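What follows leads a newcomer through the model shown here, from its helices to its cores and loops. Please keep the structure in view while reading.

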Amino acid sequence: MEEQRHIAVHHIIRAVILGGFSFYVVHLVKMDKLQYYLAPRMMPYIKYSAVALFLLAAYYVYMALQSSDHKHEHDADCDCGHEPTRSLPKNMAIYSVFLLPLLFGFLFPDKIMGSDVASVKGMNLTVKNVQQPIKKASVPSAKAATEKTQPVQNTSGMGSSTANTTSKPSLDDLFPYDEYTKDFSDLGKILYTKDVITVKDEGFLEYISTLDLYRHNFIGKTVVLSGFVYREENMAANQFAVSRMAVSCCTADAEPYGIMAEWSKAADLSKDTWITLTGDIGLKEYNGNEIIVLNTRKVTTIHAPKDPYVYPYFGDITELEKK
């Protein structure tokens, strides 16, 4: 009988743990904070798992009740299972692996990842998907233009004139691509024709990747984007990064991405302040790399969005500008 009570206690503990995780998922959904931990495409699976965990918890409660039934007393003599250890330290070590994360989830406030996480992971101020930026196609110099000027006969009899046969590079020249950068090239051609480029939350990574990949083509263009303020120790007093945390699956794989900005009033902005910034694209050397820097025109303080993270876009990225 004592053995049956021992097994029943373990069943109850397991039921509490499984039920706790199920309730925690429901709690996050109810508080509308599940997106603080997961990418949207993973949320349905977690919601379904909460139902499965609840059913498993109910099953262990049933097993705990059944363990006190006399007809199950012979179970200890069969090979259908193993009695849990009676060592208290071992039991505490095993169950704490599950209980501690659950307790931390309930006890600590749900917080948006920001500068503290970015400083650990390292801010990405340039794209990783290419090794070298694609430079802007060169425009013929004045000397080259003169050499290519062809004489044209003036039919009026007043002598001859010259006509310049040189032309500006086409969009195809400005945005070359390979098998990996075709989509960025297509988006770049669209953005190049705009006076103001608005970096949207949807497709944030694709926008900044395009701007960085073809950075020489966008010098002087005006950009509008939103994010949180991030600073590194070696940044100047007038420098900061407008940043977002990119999540592929969950917060464990989060990576910080941003664009550096320069502003005379940068010191007035505290870290993790959410802003919308308007600035003109320039280039600068930073930590041995050429990066985009925004010469700030306007900064507006905003509230953090409901979903503060950005995610990879799996559709046709040229459709972003049609939304």
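A crossing of two helices is called left-handed if the near helix is turned anticlockwise from the far one by less than a right angle, and right-handed if it is turned clockwise. With that term in hand, and bearing in mind that this is a predicted model, one can begin at the N-terminal end, where helix 1 passes helix 2 in a left-handed crossing. The axes of helix 1, which covers residues 2–30, and helix 2, which covers residues 43–66, come within 8 Å and cross at roughly 155 degrees. Angles over 145 degrees count as roughly antiparallel, and the two helices are therefore roughly antiparallel to each other.

The contact between these two helices involves residues such as Ala8, Ile12, Leu18 and Val25 on the side of helix 1, and on the side of helix 2 residues including Ile46, Leu53, Ala57 and Val61. By class, the residues of the contact of helix 1 with helix 2 divide into 17 nonpolar, three polar and two charged. An α-helix has 3.6 residues a turn, so residues three or four places apart point the same way. One member of this contact, His11, has its place in helix 1 and counts as buried because its relative accessibility is 10%. Leaving aside neighbours within four places in sequence, His11 is in contact with Tyr60, Met63 and Ala64.

The chain then leaves helix 1 through a loop that leads to helix 2, and Asp32 is placed in that loop. Most residues other than glycine have a negative phi. Asp32, however, has a positive phi of about 60 degrees although it is not a glycine, and at 36% relative accessibility it counts as partly exposed. A second residue of this kind is Asp272, in the loop between strand 6 and strand 7, where phi is near 70 degrees, again a positive value in a residue other than glycine. Asp272, at 29% relative accessibility, also counts as partly exposed.

Taken as a whole, the protein has eight helices and eight strands, and buried residues make up 39% of its 323 residues. Among contacts between residues at least 6 apart in sequence, 70% join residues at least 24 apart.

Where, then, is the largest nonpolar core, and which elements supply it? This core has 37 residues, and those with the most contacts inside it are Leu211, Leu225, Phe240, Leu277 and Leu294. Helix 7, helix 8 and strands 4, 5, 6, 7 and 8 each supply at least two residues of the core, and helix 8 gives the most, with six residues. Apart from this core lies another, of 20 residues, among them Met123, Ala241, Ile291 and Tyr311. Leu294, not counting residues up to four places away in sequence, touches residues that include Val223, Leu225, Ile259 and Leu277.

Helix 8 deserves a further look, since ten of its ten residues are buried, so that it is largely enclosed by the rest of the structure. The buried residues of helix 8 include Phe204, Glu206, Asp212 and Leu213. Helix 8 packs against helix 7 at an angle of about 85 degrees, with their axes 9 Å apart, which makes helix 7 roughly perpendicular to helix 8. Phe184, Leu187, Gly188 and Leu191 of helix 7 meet residues of helix 8 including Tyr207, Thr210 and Leu211, and this contact has six nonpolar, three polar and one charged residues.

Definitions and conventions:
Residues are numbered from 1 along each chain as its sequence is written. This is a predicted model: local features need pLDDT of at least 70, side-chain atom pairs count only at pLDDT 80 or more; totals for chains, interfaces and linings use all residues. Side-chain values use heavy atoms; hydrogens and water are left out. A nonpolar core is a set of buried Ala, Val, Leu, Ile, Met, Phe, Trp, Tyr and Cys residues joined through side-chain atoms within 4.5 Å. Buried means under 20% relative accessible area, exposed over 50%, partly exposed in between (1.4 Å probe, protein chains only). Helices (H or I, at least four residues) and strands (E, at least two) are DSSP runs, numbered from the N terminus. Contact means heavy atoms within 4.5 Å. Axes are lines fitted to C-alpha atoms, for helices over the stretch in contact, and angles run from 0 to 180 degrees between N-to-C directions. Angles under 35 degrees count as roughly parallel, over 145 as roughly antiparallel, 65 to 115 as roughly perpendicular and the rest as oblique. Ala, Val, Leu, Ile, Met, Phe, Trp, Tyr, Cys and Pro count as nonpolar, Asp, Glu, Lys and Arg as charged, and the others, Gly among them, as polar.
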